[in-house]
Amino acid sequence: MSVAALVETTTPAPGLGATPTIRARKLRVQYGEQVALSSVDLDVYPGEVVALLGHSGSGKSTFMKTLTGIAPFTADTLEVAGRAVAGLPASGLRELRSDVGYVFQHFNLVPRLSALTNVLTGGLHSAGPLNILGTFTREQRERALELLDRVGLAHKAKQPCRSLSGGEQQRVAIARALMQQPRLILADEPVASLDPRLAGNILGLLRDIAREGQIPVVVSLHVVGLARRYADRVIGLHSGELVFAGPATHITEKEVHQIYGTDTELLEN
């Protein structure tokens, strides 16, 4: 069975019968002579967690960048949150990006600002003229507090983010992403700087959010064991090529070898 056919037949229960939030066909990115992403076919459905696995330089970040038009691409189809990405004008790209919440490895918070204010910045795109004043509505503040409560940090709303632990800062970043009311969450190595226990907490939280809000999460990871425990599906990339697409529980030493070469010890980490 071809990889493209496998993608079509491994849709997990969370998205069963739904319209895909991401639909890519023959997605390709090339910089000069270097092919960064080669003919990738992929659907991502509401409510599921899809883990991207691969070495640095395998195409994981490049794939994420195509989804909001940051990386130049060619494709037969690339649709995200109901929009065809190719050819979107600047205004259309802004609207698309406002529908996509980002969670980064290094949090990208403003350290001196409170957890609450950092979460509020996730709603700047909808604040209208208030952006200029740097103020927020009462409704926005109430929502930001609700989101901090959702990630277990309502009691630290007024603390500056620099006083929070790494795991707490990542939870603030997740709440900030949710403040956008996103239709898709992209998490780029969100647990790379966290210890294994905190990594599990963060990935479990993202999985719960995906289920509760029917918001698909695409997360890039290096550790296969985390993908097996917290993702529904795995997309394995090697040198820009899609080499595995299937349920996370189907990852074996053979598939790890396809994705990482000889680094099969990653299977148990």
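Me: By class, which residues make up the lining of the largest cavity?

Reply: The structure shown is a predicted model. By class, the lining of its largest cavity has nine nonpolar residues, with no polar and no charged ones. In general, rolling a probe the size of a water molecule over the atoms shows where empty space is left. Here, one cavity of 30 Å³ or more is found in the structure, and the largest cavity has a volume of about 40 Å³.

Me: Which residues line the largest cavity, and which element gives the largest share of the lining?

Reply: The lining consists of Val49, Leu203, Leu206, Val219, Leu221, Leu226, Ala227, Tyr230 and Ala231. Two or more lining residues come from each of helix 8 (196–213), strand 8 (217–221) and helix 9 (224–230). Helix 9 supplies the largest share, three residues.

Me: How should a nonpolar core be read, and which residues of the largest one touch the most other members?

Reply: In soluble globular proteins, nonpolar side chains tend to be buried together. In this model, the largest nonpolar core holds 53 residues, and Leu148, Val172, Ile174 and Leu221 touch the most other members. Leu221, which also lines the largest cavity, has contacts beyond four places in sequence that include Leu53, Val191, Leu203 and Tyr260. A second, separate core has 28 residues, among them Leu27, Val44, Leu67 and Phe73.

Me: Is helix 7 largely enclosed or left open by the rest of the structure?

Reply: Burial is counted residue by residue, with buried meaning under 20% relative accessible area. In helix 7, 12 of the 14 residues are buried, so the helix is largely enclosed by the rest of the structure. Among these buried residues are Val172 and Ile174, together with Glu168 and Arg176. Their cover includes strand 6 (100–104), helix 4 (115–120), helix 6 (138–150), strand 7 (184–188) and helix 8.

Me: What span does helix 7 reach, and what follows the helix?

Reply: An α-helix has 3.6 residues a turn, so residues three or four places apart point the same way. Helix 7 covers residues 166–179 and reaches 20 Å from its first C-alpha to its last, close to the 20 Å expected at 1.5 Å a residue. Helix 7 is followed by Gln181, whose phi is positive, near 55 degrees.

Me: Where is Thr21 placed, and is Thr21 buried or exposed?

Reply: Thr21 is in the loop between helix 1 (3–9) and strand 1 (22–31). Thr21 has a relative accessible area of 10% and is therefore buried. Beyond four places in sequence, Thr21 touches residues including Val44, Tyr45, Glu79, Arg183 and Pro216. One of these, Val44, belongs to the second core.

How values were computed:
Residues are numbered from 1 along each chain as its sequence is written. This is a predicted model: local features need pLDDT of at least 70, side-chain atom pairs count only at pLDDT 80 or more; totals for chains, interfaces and linings use all residues. Side-chain values use heavy atoms; hydrogens and water are left out. A nonpolar core is a set of buried Ala, Val, Leu, Ile, Met, Phe, Trp, Tyr and Cys residues joined through side-chain atoms within 4.5 Å. Buried means under 20% relative accessible area, exposed over 50%, partly exposed in between (1.4 Å probe, protein chains only). Contact means heavy atoms within 4.5 Å. On a 1 Å grid over the protein atoms alone, a cavity is a set of points where a 1.4 Å probe fits but cannot get out, and a pocket is an open set with protein on both sides within 12 Å along at least five of seven lines; lining residues have an atom within 4 Å of a point. Grid points are joined across faces, edges and corners, and a volume is the space filled by probe spheres set on the points. Helices (H or I, at least four residues) and strands (E, at least two) are DSSP runs, numbered from the N terminus. Ala, Val, Leu, Ile, Met, Phe, Trp, Tyr, Cys and Pro count as nonpolar, Asp, Glu, Lys and Arg as charged, and the others, Gly among them, as polar. The expected span of a helix is 1.5 Å times one less than its number of residues.
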